[in-house]
Amino acid sequence: GTFARPLRVTLDGHTIGTVAGNNTPDEWLSGGQVRVSGGRHALDLFRPGGGLAPGDGWGETIGHVALVRDQPQRMTTLPLSAWRGLCGKSADWVELVSS
């Protein structure tokens, strides 16, 4: 999304953060971090009312909303001869490093 005014993010009635700023396609703005238990939860986004300030009535767009499990970064190293093992796997980054 793109937000001129901060958007308040709540989960089960508790504010978990705000999201604001301009976003580019295929990028994400974080609205907060929270630990939740299994089951149903209510996620709400609140956009405050505008004022008479210049640019305050600008139209905002909310794109997709995603809940993502927090997990540690993993890095896997393998010999060049095992490159075929990467086929069919999802990766954020693949880098060839020569010594």
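Here is a short back-and-forth on how the labels for this predicted model are reached.

Q: How do you know how confident the predictor is in the protein?
A: Look at pLDDT, which runs from 0 to 100. The mean for the protein is 82, and 94% of its residues reach 70 or more. Among the strands, β1 has a mean of 86 and β3 (residues 43–46) has 92; these are the lowest and highest confidence, respectively. One caution: where pLDDT is low, the predicted coordinates should not be read in detail.

Q: What makes up the secondary structure of the protein, in helices and strands?
A: Three strands and zero helices. Following the sequence, you get the pattern β-β-β.

Q: Why is the protein called more spread out than a compact globule?
A: Its radius of gyration is 20 Å, whereas the globule rule gives 13 Å for 99 residues. The value is well over the rule, so the protein counts as more spread out than a compact globule. As for its extent, the C-alpha trace spans about 65 × 35 × 20 Å along the principal axes.

Q: What share of the residues in the protein is buried?
A: Buried residues come to 13% of the 99. The protein exposes about 8900 Å², with carbon and sulfur atoms supplying 54% of that area.

Q: Why is Thr10 called buried rather than exposed?
A: Its relative accessible area is 2%. Buried means under 20%, so Thr10 earns the label. Thr10 is in strand β1. Not counting residues up to four places away in sequence, Thr10 touches Thr15, Ile16, Ala42, Leu43, Asp44 and Phe46.

Q: What makes the phi of Asp12 worth a look?
A: Phi of Asp12 is near 55°, a positive value in a residue other than glycine. Most residues other than glycine have a negative phi. Asp12 is in the loop between β1 (3–11) and β2 (14–21).

Q: Why is Asp12 called partly exposed?
A: The relative accessible area of Asp12 is 38%. Partly exposed covers values between the 20% and 50% cut-offs, so 38% gets that name.

Q: How do you know which label fits Pro6: buried, partly exposed or exposed?
A: Pro6 has a relative accessible area of 46%. Exposed needs over 50% and buried needs under 20%, so Pro6 is partly exposed. Pro6 lies in strand β1. Leaving aside its neighbours within four places in sequence, Pro6 is in contact with Thr18, Val19, Ala20, Phe46 and Pro48. The C-alpha atoms of Pro6 and Gly31 are 9.8 Å apart, with the two positions 25 residues apart in sequence numbering.

Q: What places Gly1 and Thr61 together in space, given how far apart they are along the chain?
A: Along the chain they are 60 residues apart, yet their C-alpha atoms are separated by 5.2 Å. Thr61 is also among the contacts of Gly1, which include Gly21, Asn23, Leu29, Ile62 and Gly63 when neighbours within four places are left aside. Contact here needs heavy atoms within 4.5 Å. Gly1 is in the segment before β1.

Q: Why is Gly1 called partly exposed?
A: Gly1 has a relative accessible area of 32%. That value falls between 20% and 50%, so partly exposed is the right call.

Q: Why are Leu67 and Asp70 called exposed?
A: Leu67 has a relative accessible area of 71%, and Asp70 has 62%. Exposed means over 50%, so both qualify. Leu67 is in the segment after β3, and Asp70 is in the segment after β3 too. Leu67 and Ser30 are 37 residues apart in sequence and 10.0 Å apart, C-alpha to C-alpha. Asp70 and Gln33 are also 37 residues apart in sequence, with 8.7 Å between their C-alpha atoms.

Q: What share of contacts in the protein joins residues at least 24 apart?
A: It's 51%, taken among contacts between residues at least 6 apart in sequence.

Q: How many positive and negative side chains does the protein have, and where do their centres lie?
A: There are 9 positive and 9 negative side chains, with the centres of the two sets 8 Å apart.

Terms used:
Residues are numbered from 1 along each chain as its sequence is written. This is a predicted model: local features need pLDDT of at least 70, side-chain atom pairs count only at pLDDT 80 or more; totals for chains, interfaces and linings use all residues. Side-chain values use heavy atoms; hydrogens and water are left out. Helices (H or I, at least four residues) and strands (E, at least two) are DSSP runs, numbered from the N terminus. The radius of gyration is taken over C-alpha atoms; the globule rule is 2.2 Å times the number of residues to the power 0.38. Buried means under 20% relative accessible area, exposed over 50%, partly exposed in between (1.4 Å probe, protein chains only). Accessible areas come from the Shrake-Rupley method with a 1.4 Å probe; for residues, only the protein chains shown count as cover. Lys and Arg count as positive and Asp and Glu as negative; His and the chain ends are not counted. The place of a charge is taken as NZ of Lys, CZ of Arg, CG of Asp or CD of Glu.
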